[in-house]
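I opened this notebook to record what I looked up in the structure, entry by entry. Loops come before helices, and confidence comes at the end.

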Amino acid sequence: MNAIEFQNIKKTYGDKTIIGSFSLAIGRGEFVTIIGTSGSGKTTLVKMVNRLVVPDSGTVWINGEDIQDKDPVLLRRGIGYAIQGSVLFPHMTVEENIAYVPNLWNKSDKKRTASAVSKWMKIAGLADELRQQYPYELSGGEQQRVGIARALAASPPILLMDEPFGAVDEITRKQLQKELKDIYEQTGITVLFITHDISEALALGTKVLVLDKGALQQYDTPDNILNHPANAFVAQLVGDRKGSEKNRDCNDDLTAKQRSTLK
Ligand SMILES: Nc1ncnc2c1ncn2[C@@H]1O[C@H](COP(=O)(O)OP(=O)(O)OP(=O)(O)O)[C@@H](O)[C@H]1O
Ligand SMILES: [Mg+2]
């Protein structure tokens, strides 16, 4: 069964078409990275999965259920969501922010929740002494890492990430990429991950979705995106990055074949 299916989605704001007749079925356990120019509709599309945006027409299915029929609170409980400049609960400590969803599920088992919080703080590269701090007492990068830890701590079957590593330094970014990949491989969750970094998209994704002007350009393996771009837009998007500094930085994560293509 598909984890997520977009069927004939349309979305307009005023007279501007943002998404036009978009259809895509995403299999369970795929790690889908989403790339495209700014304003191509990536965030709009991803927000339709947790109903932060409702399409004008068309249907979004999760595990074969029309999400329009589901209680949005219950729907969101099964979907992790991390965004750039992560929005934390300002009146809650780091610990309370991360424990928010596990607490909902796990009210009776405080000890388990506390150890889960420690685990996810470590994975996200957060020092334990930040536990009792409030979001306003953290740097932008720390806030972002709390947001990532919070999204992961819920161990959701679906994880939506909208440029989650945008505001962290390169070393932390590499760590988070690796941790996310490990978590993905261990749990078999379905991930939608928006990034502007083509190398990151190629290294992390089992599939890459290329969007332009709210339309699907290609949905394919990283290897096919690189070696068999479906059209000139995809070729240019991927080609622009060939041989760039960023690409060389990320080469560790690429397969030998991808590396040789990039050279
Ligand atoms: N609430 C809104 N009202 C009006 N227009 C909107 C709204 N949300 C998004 N848009 C428009 O929809 C288009 C797509 O926006 P979206 O945020 O999905 O793009 P994106 O691909 O995520 O871009 P970026 O890479 O810059 O984050 C943009 O032109 C944006 O201005
Ligand atoms: Mg966006």
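**Loop residues**

I began with Asn63, which sits in the loop that runs between strand E4 (57–62) and strand E5 (65–66). The model is a predicted one, and in it I read for Asn63 a phi near 50°, a positive value in a residue other than glycine. I then looked up the relative accessible area of Asn63, which is 35%, so I entered this residue as partly exposed.

I went on to Lys213, which is found in the loop between strand E9 (207–212) and strand E10 (215–220). Its phi is likewise a positive value for a residue that is not glycine, and lies near 50°. Is Lys213 buried or exposed? I noted a relative accessibility of 68%, and Lys213 therefore counts as exposed.

My next loop entry is Thr195, located between strand E8 (190–194) and helix H7 (198–204). Thr195 has a relative accessibility of 3% and so counts as buried. I asked myself which residues Thr195 touches, leaving out those up to four places away in sequence. The list I wrote down is Ile34, Ile35, Glu163, Arg173, Glu200 and Ala201. With one of these, Glu200, the side chain of Thr195 makes a polar contact of 2.7 Å.

**Helix H6**

I turned to helix H6 (residues 170–187), whose 18 residues reach 25 Å from the first C-alpha to the last, close to the 26 Å expected at 1.5 Å a residue. As its buried residues I listed Thr172, Arg173, Leu176, Gln177, Leu180, Ile183 and Tyr184. Viewed down the axis of H6, these buried residues fall within an arc of 140°, so they line one face of the helix. I added a reminder that an α-helix has 3.6 residues a turn, so residues three or four places apart point the same way. On the face of H6 turned away from the buried side I found the exposed residues Ile171, Lys178, Glu185 and Gln186.

I checked both ends of this helix as well. Asp169 caps the N-terminal end of H6, with a side-chain oxygen 3.1 Å from the backbone nitrogen of Ile171, while Gly188, just after H6, takes a positive phi of about 70°.

**Helix H4**

I repeated the procedure for helix H4 (residues 110–123), which has 14 residues and reaches 20 Å between its first and last C-alpha, close to the 20 Å expected at 1.5 Å a residue. The buried residues I recorded for H4 are Thr113, Val117, Trp120, Met121 and Ile123. Down the axis of H4 they fall within an arc of 155°, so they line one face of the helix. Lys111, Arg112 and Lys122 are exposed on the other side of H4. Just after H4, I noted that Gly125 takes a positive phi of about 75°.

**Confidence**

Last, I looked up the confidence of the chain, where the mean pLDDT is 86 and 87% of the residues reach 70 or more. Where in the chain is confidence lowest, and where is it highest? I found the lowest mean, 42, in helix H11 (residues 256–262), and the highest, 98, in E9. Over residues 243–263 the pLDDT is below 50, although this stretch has 36 contacts in the model beyond near neighbours in sequence. I close with a caution to myself: where pLDDT is low, the predicted coordinates should not be read in detail.

Key:
Residues are numbered from 1 along each chain as its sequence is written. Chains are lettered from A and ligands numbered from 1 in the order in which they are written. This is a predicted model: local features need pLDDT of at least 70, side-chain atom pairs count only at pLDDT 80 or more; totals for chains, interfaces and linings use all residues. Side-chain values use heavy atoms; hydrogens and water are left out. Helices (H or I, at least four residues) and strands (E, at least two) are DSSP runs, numbered from the N terminus. The expected span of a helix is 1.5 Å times one less than its number of residues. Buried means under 20% relative accessible area, exposed over 50%, partly exposed in between (1.4 Å probe, protein chains only). The arc is that of the directions from the helix axis to the C-beta atoms. A polar contact is a pair of N or O atoms within 3.5 Å; within protein, one must be able to donate a hydrogen and the other to accept it, and residues adjacent in sequence count only if both atoms are side-chain atoms. Contact means heavy atoms within 4.5 Å. pLDDT is the predictor's confidence in each residue, from 0 to 100.
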